[in-house]
Amino acid sequence: MKKYKIFCLLILLLTVAVFSVLVGCAGDNADIDMSKPSVGLKFEANSDGTYYVSGIGACTDEVIVIPETTASGKPITGIGEGAFANHPSIRAVGIPSSIRTIGDNAFYGCSELKRVQMNQGLRSIGKQSFAFCKQLDKINLPDSLKEIGDVAFGFCESLQNIYIPEGLEVLGDYTFNGCDKLKGYKYDGAYYIGNEGNKYLILLRAENENVEACQVNYTTKFIHSDAFANCERLKSITLPEGLLEIGSDSFVNCFSLTAVNIPQNVTRIGEYAFCYCNNLGSVTFAETFGWMLYDAGEGNFEARVHQEDLLDGYSAVQCLTEIYYEYEWARGRE
């Protein structure tokens with residue numbers, strides 16, 4: 001009888017424990033209550049009369065809910081540069097539909113930030129805005145988003161799941177560097193991330209450094225920085241017609257690569273993208289007109305690539321791997 005009571009007690013404790021875990025999980029996944037905005041945040045005015053959040057101010061909330069308007073009814077349309085950077089007490093953030101931009105370094109180093117709820121209306125996420133948010137494990141980016149800045153989610157070491165909207169137009173360099181748990185979907189020697197309709201929107205990284213050939217999925221629009229870096233055995237890469245961007249350092253040290261065809265829709269090739277591709281014998285540009293050289297350090301366009309230099313496969317190799325390899329190449333951004 002005594003053993004039976006102990007057994008029943010153990011079952012009861014186990015049931016309570018499981019229930020607690022389930023409740024905790026449900027709490028983590030529950031929507032943030034946007035009807036209760038945080039009080040005490042700092043705001044500053046934009047030139048158009050709208051406002052942006054400039055700092056945490058006197059707010060002590062662990063769950064930060066950005067309000068849509070100031071106390072005087074002025075619209076809040078942005079989160080400023082470094083507004084919440086390095087605040088370890090922040091565990092969750094709710095961002096309303098009035099917010100159009102998240103500034104550079106806005107949540108940089110928020111080491112306990114686990115949940116971010118974004119709403120439609122957001123158009124751009126700045127450089128390093130969520131970098132080193134080490135507890136952030138998943139995030140859904142809204143369909144309204146058009147631009148993600150450099151290293152925006154860099155070194156979010158817990159990040160495993162992300163929704164990337166199909167309408168994304170600009171992917172910064174090294175956006176997901178250091179997100180080693182983020183693997184996404186595998187296809188022909190590489191891992192991709194995207195959305196339910198297009199799992200292969202961004203080619204994130206090669207399966208491993210021993211890959212010898214890769215046919216990039218036909219729905220892919222972006223090749224992430226460092227994607228094939230140090231893949232010394234890579235001999236063949238097939239890029240799809242819908243590709244828009246090739247990230248910086250994406251094929252650096254691919255010593256065995258012999259030929260590359262750059263599709264017509266590509267409007268950006270990052271710095272050092274084909275650096276040290278010593279056996280690259282031919283590069284074919286489907287579109288040779290309008291290429292400009294952008295200097296990230298100076299923040300401006302330095303020169304135009306002469307169209308005739310890209311008409312010949314060998315000359316194009318020289319431009320891309322030796323003469324102008326330190327520059328970002330871009331079309332349609334003058």
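# Briefing: a loop proline, two nonpolar cores and their aromatic pairs

Pro 37 is placed in the loop that runs between α1 (2-29) and β1 (42-45), in what is a predicted model. The protein chain comprises three helices and 25 strands, and its C-alpha trace spans about 85 × 65 × 30 Å along the principal axes. Of the 334 residues in the protein chain, 46% are buried, and among contacts with a separation of 6 or more, 38% join residues that are 24 or more positions apart.

**The loop at Pro 37**

- With a relative accessible area of 38%, Pro 37 is partly exposed, because that value falls between the limits of 20% for buried and 50% for exposed.
- The C-alpha atom of Pro 37 is separated by 5.7 Å from that of Ile 66, although the two residues are 29 residues apart along the chain.
- When neighbours within four places in sequence are left aside, Pro 37 is in contact with Val 65 and Pro 67.

**Nonpolar cores**

- In soluble globular proteins, nonpolar side chains tend to be buried together.
- The largest nonpolar core here has 46 residues, and those with the most contacts inside it are Phe 84, Phe 107, Phe 153 and Phe 176.
- Strands β4 (76-79) and β15 (202-206) each supply at least two residues of this largest core.
- Apart from the largest core lies another, of 39 residues, which includes Ala 227, Ile 237, Phe 274 and Val 305.
- Not counting residues up to four places away in sequence, Phe 153 touches Ile 125, Phe 130, Ala 131, Leu 136, Ile 139, Leu 141, Ile 148, Thr 175, Phe 176 and Cys 179.
- Phe 153 also belongs to a cluster, linked through ring pairs, whose other members are Phe 84, Phe 107, Phe 130 and Phe 176.

**Aromatic pairs**

- A search of the whole structure yields 17 aromatic pairs.
- The pair formed by Phe 132 and Phe 155 is stacked, because the ring centres lie 4.9 Å apart and the planes meet at 10 degrees, which is under the 30 degrees that sets the limit for stacking.
- This pair links distant parts of the chain, since Phe 132 lies in the loop between β8 (124-125) and β9 (138-140), whereas Phe 155, 23 residues apart from it, lies in the loop between β10 (147-148) and β11 (161-163).
- Both partners count as partly exposed, Phe 132 at 31% relative accessibility and Phe 155 at 37%.
- Phe 285 and Trp 291 form an edge-to-face pair, because their ring centres are 5.7 Å apart and their planes stand at 70 degrees, over the limit of 60.
- Phe 285 counts as buried at 6% relative accessibility, and Trp 291 is likewise buried, with a relative accessible area of 1%.

**Charges over rings**

- The charged end of Arg 331 sits over the ring of Trp 291, at 5.1 Å from its centre.
- Lys 183 lies over the face of Tyr 191, at 5.5 Å from the ring centre.

**Internal cavity**

- The structure holds one cavity of 30 Å³ or more, and the space in the largest cavity comes to about 30 Å³.
- The lining of the largest cavity consists of Gly 270, Tyr 272, Ala 273, Phe 274, Leu 320, Tyr 324, Tyr 325, Tyr 327 and Trp 329.
- Phe 274 thus appears in two of these settings, as a residue of the 39-residue core and as part of the cavity lining.

Key
Residues are numbered from 1 along each chain as its sequence is written. This is a predicted model: local features need pLDDT of at least 70, side-chain atom pairs count only at pLDDT 80 or more; totals for chains, interfaces and linings use all residues. Side-chain values use heavy atoms; hydrogens and water are left out. A nonpolar core is a set of buried Ala, Val, Leu, Ile, Met, Phe, Trp, Tyr and Cys residues joined through side-chain atoms within 4.5 Å. Buried means under 20% relative accessible area, exposed over 50%, partly exposed in between (1.4 Å probe, protein chains only). Helices (H or I, at least four residues) and strands (E, at least two) are DSSP runs, numbered from the N terminus. Contact means heavy atoms within 4.5 Å. Rings of Phe, Tyr and Trp (its six-membered ring) pair if their centres lie within 6.5 Å; planes under 30 degrees apart count as stacked, over 60 as edge-to-face and the rest as tilted. A charge sits over a ring if NZ of Lys or CZ of Arg is within 6 Å of the ring centre and within 35 degrees of the ring normal. On a 1 Å grid over the protein atoms alone, a cavity is a set of points where a 1.4 Å probe fits but cannot get out, and a pocket is an open set with protein on both sides within 12 Å along at least five of seven lines; lining residues have an atom within 4 Å of a point. Grid points are joined across faces, edges and corners, and a volume is the space filled by probe spheres set on the points.
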